Amino acid sequence: MLLSRRARGCGDDANPATDHVRCALTLADFRDLTVAVARCRRLLDLDADPEAVDDALVGDESLAPLVRRAPGQRIPRTVDEGEFALRAILSQQVSTTAARTLTNRLVTAYGPAVEDSGGGLSHGFPSVSELAQLDPAQLPVPGARRRSVLALIDALANREVVLDAGADWTEARLQLLALPGIGPWTAEIIAMRGLGDPDAFPASDLGVRAAARKVGLPDDPRSLMEASARWRPWRSYATQYLWTALDHSINQWPPKEAA
């Protein structure tokens, strides 16, 4: 979704610099400014206390090198919890490109048209009521995942699953896990990046397991979950630090200037 139905970030001004992120907002109604700023802060996890987190995690010998190498990690979050949950389900067991293509189809078919002369945005992400009109034929995914998507949309529409910013983290997990096809990995990723739980831990995540091997931690989910107890209540940030151990372009920051 946009920052709100009437507020959005636009253009290259939202690209991160080495020491800040600049965001230009276009507002149809100035009363949306407070909401837009609050959502930006949530998106970038600006209300976290990185020093407190780092002080807690740097004492662990497995995480200490990662914390010292790239201190101050924050959790990239979302401005729309329901959208993130739907994207998480659509991305299960498929490539990022495939998930993006499928999401684009849904947005184009059901999202509200947006006039965006400066940024090239054509549609906003559809609301739950708009997604409730979804034709299952628009979901070219395996039947099990289709049932998961439709069940989530129905549960959000009926408030059987509550993923608002102030939702109870434990209750939200239980509600998600009660839906068909949603397991611990999906529930923990939604809790971490959708709801903002600082102590979520997707122990079965392939990236987390690969990073655990690199830093000398057990890589089977059960043992890794047991080992993670010493990082509480900051296991989301421990996850973020583990991901920094992987060979991925996103971990090369700031980007090196071309010679």
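**Exercise 1.** In this predicted model, determine whether D29 is buried or exposed, and identify the residue with which D29 forms a salt bridge.

*Solution.* Step 1: the relative accessibility of D29 is 13%. Step 2: buried means under 20% relative accessible area, so D29 counts as buried. Step 3: the salt-bridge partner of D29 is R31, with 2.5 Å between the closest N and O atoms. Step 4: R31 has a relative accessible area of 68% and is therefore exposed.

**Exercise 2.** State how many salt bridges a search of the whole structure finds, and explain which parts the pair of D60 and R230 ties together.

*Solution.* Step 1: the search of the whole structure yields 12 salt bridges. Step 2: one of the salt bridges joins D60 to R230, whose closest N and O atoms are 2.3 Å apart. Step 3: D60 belongs to the loop between helix 2 (50-57) and helix 3 (64-69), while R230 belongs to the loop between helix 11 (221-227) and helix 12 (235-243), so the pair ties together parts that are 170 residues apart in sequence. Step 4: D60 counts as buried at 8% relative accessibility, whereas R230, at 48%, counts as partly exposed.

**Exercise 3.** Locate D197 and R173 in the chain, and name the network to which they belong.

*Solution.* Step 1: a salt bridge connects the side chains of D197 and R173, at 2.9 Å from N to O. Step 2: D197 is found in the loop between helix 9 (184-195) and helix 10 (206-214), and R173 in helix 8 (residues 169-177); the two are 24 residues apart, and the pair links distant parts of the chain. Step 3: both D197 and R173 are buried. Step 4: through salt bridges that share partners, R173, E188 and D197 form one network.

**Exercise 4.** Describe the span of helix 5, and explain where its buried residues lie around the axis.

*Solution.* Step 1: helix 5 (residues 96-110) contains 15 residues; from first C-alpha to last it reaches 21 Å, close to the 21 Å expected at 1.5 Å a residue. Step 2: the buried residues in helix 5 include A99, L102, T103, L106, V107 and Y110. Step 3: these residues cover an arc of only 140° around the axis, which means that they lie on the same side of helix 5. Step 4: in general, an α-helix has 3.6 residues a turn, so residues three or four places apart point the same way. Step 5: the exposed residues T97 and R100 are carried on the face of helix 5 turned away from its buried side. Step 6: helix 4 (81-90) and helix 6 (128-131) are among the elements that cover the buried residues of helix 5.

How values were computed
Residues are numbered from 1 along each chain as its sequence is written. This is a predicted model: local features need pLDDT of at least 70, side-chain atom pairs count only at pLDDT 80 or more; totals for chains, interfaces and linings use all residues. Side-chain values use heavy atoms; hydrogens and water are left out. A salt bridge is a side-chain nitrogen of Lys or Arg within 4 Å of a carboxyl oxygen of Asp or Glu. Buried means under 20% relative accessible area, exposed over 50%, partly exposed in between (1.4 Å probe, protein chains only). Helices (H or I, at least four residues) and strands (E, at least two) are DSSP runs, numbered from the N terminus. The expected span of a helix is 1.5 Å times one less than its number of residues. The arc is that of the directions from the helix axis to the C-beta atoms. Contact means heavy atoms within 4.5 Å.
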